[in-house]
Amino acid sequence: KTADIGISSRDLKDEEKEYKMNEYIIAYDGIVVAVHPENSVEDLDMNTINKIFTGEIKNWKEVGGEDEEILIISREEGSGTRGAFEEILDLDSVREDALIAEGNGAVKANIASKKNSIGYISLSYLDDSISGLKIDGVEGTSENIKSGKYKISRPFLMTTKGEEDPLVKEFLDFVLSKEGQKIVGKKQITVK
């Protein structure tokens with residue numbers, strides 16, 4: 001109870017749910033698996049992505065690409081994006097020789113400059129400098145994230161404990177209102 005509102009960029013873990021917090025989903029973020037634009041691979045399934053990031057698959061030719069070693073770009077320890085990505089894909093850890101980049105911007109810059117790389121970023125960082133892969137045939141779009149068709153996504157939560165103070169309740173109501181969601185949507189996050 002050191003703050004009125006907590007914020008999380010992933011689902012709460014079971015041990016965190018034991019605190020019996022009130023959870024409010026304010027948006028969803030797709031975590032896009034991306035490659036260099038010259039990579040011919042366009043679609044992978046969840047199991048294959050798991051095998052790439054754990055190192056079981058190490059060459060692009062094993063998944064229909066060129067005969068080149070796959071370079072993994074991952075986020076730093078403690079990153080909410082990394083935590084959600086590893087949890088969704090049931091990864092214990094990424095390949096030990098993965099290049100670690102701090103922040104979505106650094107991951108994107110590394111993918112854009114390294115032809116044989118693969119990494120993951122928040123949907124809002126996707127642009128023409130990299131190519132987002134389809135996952136099981138589904139493109140990472142706001143519509144597909146919101147509908148649940150795109151499987152690598154996470155909620156952005158606001159949490160409270162117990163009965164909310166009237167001012168806190170008013171703020172939460174605003175964030176979840178049409179006007180509040182419009183502001184959230186300006187950050188290119190998929191609104192509720």
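A polar contact is a pair of N or O atoms within 3.5 Å; within protein, one atom must be able to donate a hydrogen and the other to accept it. In this predicted model, such a contact is found at the start of helix α3, where serine 79 caps the N-terminal end. A side-chain oxygen of serine 79 lies 3.2 Å from the backbone nitrogen of threonine 81. Within α3 itself, Thr81, Arg82, Ala84, Phe85 and Glu86 are buried.

After α3 comes aspartate 90, which has a positive phi, near 55°. Aspartate 90 belongs to the loop between α3 and β5 (99–101) and is exposed, with a relative accessible area of 63%. Lysine 20 also has a phi near 55°, a positive value in a residue other than glycine. Its place is the loop between α1 (14–17) and β2, and at 65% relative accessibility lysine 20 counts as exposed.

Phe85 leads from α3 into the interior. The structure holds 3 aromatic pairs. One of them joins phenylalanine 53 and phenylalanine 85 in an edge-to-face arrangement, with 5.0 Å between the centres and 70° between the planes. Phenylalanine 53 lies in helix α2 (residues 46–54) and phenylalanine 85 in helix α3 (residues 80–88), so this pair ties together parts that are 32 residues apart in sequence. Both phenylalanine 53 and phenylalanine 85 are buried. Through ring pairs, Phe53, Phe85 and Tyr120 are linked into a cluster.

The two phenylalanines also appear in the largest nonpolar core, which has 30 residues. The residues with the most contacts inside this core are Ile49, Ile52, Phe53, Phe85, Ile118 and Ile152. Two or more residues each come from β2, α2, α3 and β6 (117–122). A second, separate core has 8 residues, among them Ile26, Ala27, Val175 and Val184. In soluble globular proteins, nonpolar side chains tend to be buried together.

Val175 of the second core is one of the buried residues of helix α6 (residues 166–176), together with Val168 and Leu172. These residues cover an arc of only 60° around the axis, which puts them on the same side of α6. What covers them includes β2 (21–35), β9 (153–161) and α7 (178–185). On the face of α6 turned away from this buried side are the exposed residues Pro166, Leu167 and Glu170. The N-terminal end of α6 is capped by aspartate 165, which has a side-chain oxygen 2.8 Å from the backbone nitrogen of leucine 167.

Strand β2 contains a charged residue, and its surroundings can be followed in turn. Is aspartate 29 buried or exposed? Aspartate 29 lies in β2 and is buried, with a relative accessible area of 2%. Its side chain makes a polar contact of 2.7 Å with the side chain of serine 122. Another polar contact, of 2.8 Å, joins the side chains of aspartate 29 and arginine 154. Leaving aside neighbours within four places in sequence, aspartate 29 is in contact with Ser122, Leu123, Ile152, Ser153, Arg154 and Phe156. Of these contacts, Ile152 is also among the residues with the most contacts inside the largest nonpolar core.

Key
Residues numbered from 1 in each chain as written. Predicted model: local features only at pLDDT ≥ 70, side-chain atom pairs only at ≥ 80, totals over all residues. Heavy atoms only, no water. Phe/Tyr/Trp six-rings, centres within 6.5 Å; stacked < 30°, edge-to-face > 60°. Helix = DSSP H or I, 4+ residues; strand = E, 2+ residues; numbered from the N terminus. Buried < 20%, exposed > 50% of the residue type's maximum accessible area, 1.4 Å probe, protein only. Arc of directions from axis to C-beta. Contact = heavy atoms within 4.5 Å. Core = buried A, V, L, I, M, F, W, Y, C linked by side-chain atoms within 4.5 Å.
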